[in-house]
Amino acid sequence: GHILGDGSIDKKTKTIQYSNSSLDLLNEFASYMNKEFGIKPRIWLQKEPIFGGTKWDKRLENLKEATFGRNVGLFYPRICSIILFALFGVFANGKEKTITKEILNSNKEFKKYLIRAFTDSEGSVKYREIRIYQDNKVLLENICVILRELGILPSEIKTYIKRDKLRHYISITSFYNYKKYVVDIGFTSNNKLLKIEKQIENVHKNKSFRLKLGEPRENI
């Protein structure tokens with residue numbers, strides 16, 4: 001899920017890279033890769049954002065040395081992608097990313113964590129809404145298929161233009177729908193989780209909304 005989001009697998013070398021500014025997500029990715037493969041990453045701090053590609057500033061010994069707000073890249077050797085491809089098919093190859101038949105046929109528990117990692121990387125929390133972005137429309141369509149299988153109803157895919165490029169997103173709205181997402185799937189990103197939990201708490205305190213749901217007046 002992280003690789004399908006902010007990660008990548010190099011088309012030539014098949015090395016894995018995951019890049020993010022969130023220490024929550026970086027630590028999670030590094031922890032799982034260490035657990036599954038027993039491999040620690042090469043860690044690089046990215047230079048300040050510039051146009052024309054990614055530039056790396058310096059190598060770090062550990063994530064505690066990361067600069068707040070700056071992207072960090074985690075790099076892993078070819079053997080990791082070979083094993084992942086054997087398990088899940090070629091789901092990422094350079095800029096080409098897809099939900100393979102192996103992923104679609106996996107169990108629901110796996111799919112929950114895949115969606116969680118993908119949304120942590122590619123999603124945002126708006127006012128009473130979880131929004132998931134993706135340039136690859138087919139990939140987003142398959143994310144919708146998995147969400148529906150998990151009992152969560154996303155919106156139709158919407159499009160917009162950003163920096164002269166067509167982009168796509170879906171929304172998870174309605175109280176019970178995004179609450180189910182939080183309860184069943186959740187976020188690793190503390191910022192996203194705290195934001196949506198606060199919104200859910202505020203809805204629970206809204207008397208008119210509770211009456212609309214049919215809750216007895218004596219309970220309000």
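Start your tour at the second largest pocket: select Gly1, Tyr32, Glu36, Phe88 and Phe110, which lie nearest its centre among the 24 residues that line it. Keep in mind as you go that this is a predicted model.

With those five residues on screen, look at the space they surround. The volume of the second largest pocket is about 730 Å³. What kinds of residues make up its lining? The lining divides into 16 nonpolar, three polar and five charged residues, so try colouring by class here, using the rule that Tyr and Phe count as nonpolar, Glu as charged and Gly as polar.

Next, bring in the helices around the pocket. Select H1 (23-37), H2 (78-88) and H4 (108-122), each of which supplies at least two residues of the lining. Which helix gives the most to this lining? That is H1, with seven residues.

Now stay with H4 and add helix H5, residues 137-149. The two helices pack at an angle of about 130°, and their axes are 10 Å apart. That angle makes H4 oblique to H5, and H4 passes H5 in a left-handed crossing. To see where they touch, show the side chains of Lys108, Lys111, Leu114, Ile115 and Phe118 on H4, then Leu139, Ile143, Ile146, Leu147 and Glu149 on H5. This contact between H4 and H5 has seven nonpolar residues, three charged ones and no polar ones.

For the last stop, move along the chain to helix H6 (residues 175-184) and helix H7 (residues 190-205). Here the axes come within 11 Å and cross at roughly 140°. H6 is therefore oblique to H7. How does H6 pass H7, in a left-handed or a right-handed crossing? The crossing is left-handed. From H6, pick Phe175, Tyr178, Lys179 and Val182; from H7, pick Leu193, Ile196, Glu197, Ile200, Val203 and His204. Together these residues form the contact, and by class they comprise seven nonpolar, one polar and two charged.

To finish, return to H4 and view its two settings in turn: the lining of the second largest pocket, to which H4 supplies at least two residues, and the contact with H5, where Phe118 is one of the H4 residues taking part.

Note on methods: Residues numbered from 1 in each chain as written. Predicted model: local features only at pLDDT ≥ 70, side-chain atom pairs only at ≥ 80, totals over all residues. Heavy atoms only, no water. 1 Å grid on protein atoms, 1.4 Å probe; cavity = no way out; pocket = protein on both sides within 12 Å on 5 of 7 lines; lining within 4 Å. Points joined across faces, edges and corners; volume = space filled by probe spheres on them. Helix = DSSP H or I, 4+ residues; strand = E, 2+ residues; numbered from the N terminus. Axes fitted to C-alpha atoms, helices over the stretch in contact; angles between N-to-C directions. Parallel < 35°, antiparallel > 145°, perpendicular 65-115°, else oblique. Left-handed = near helix turned anticlockwise from the far one by under 90°. Contact = heavy atoms within 4.5 Å.
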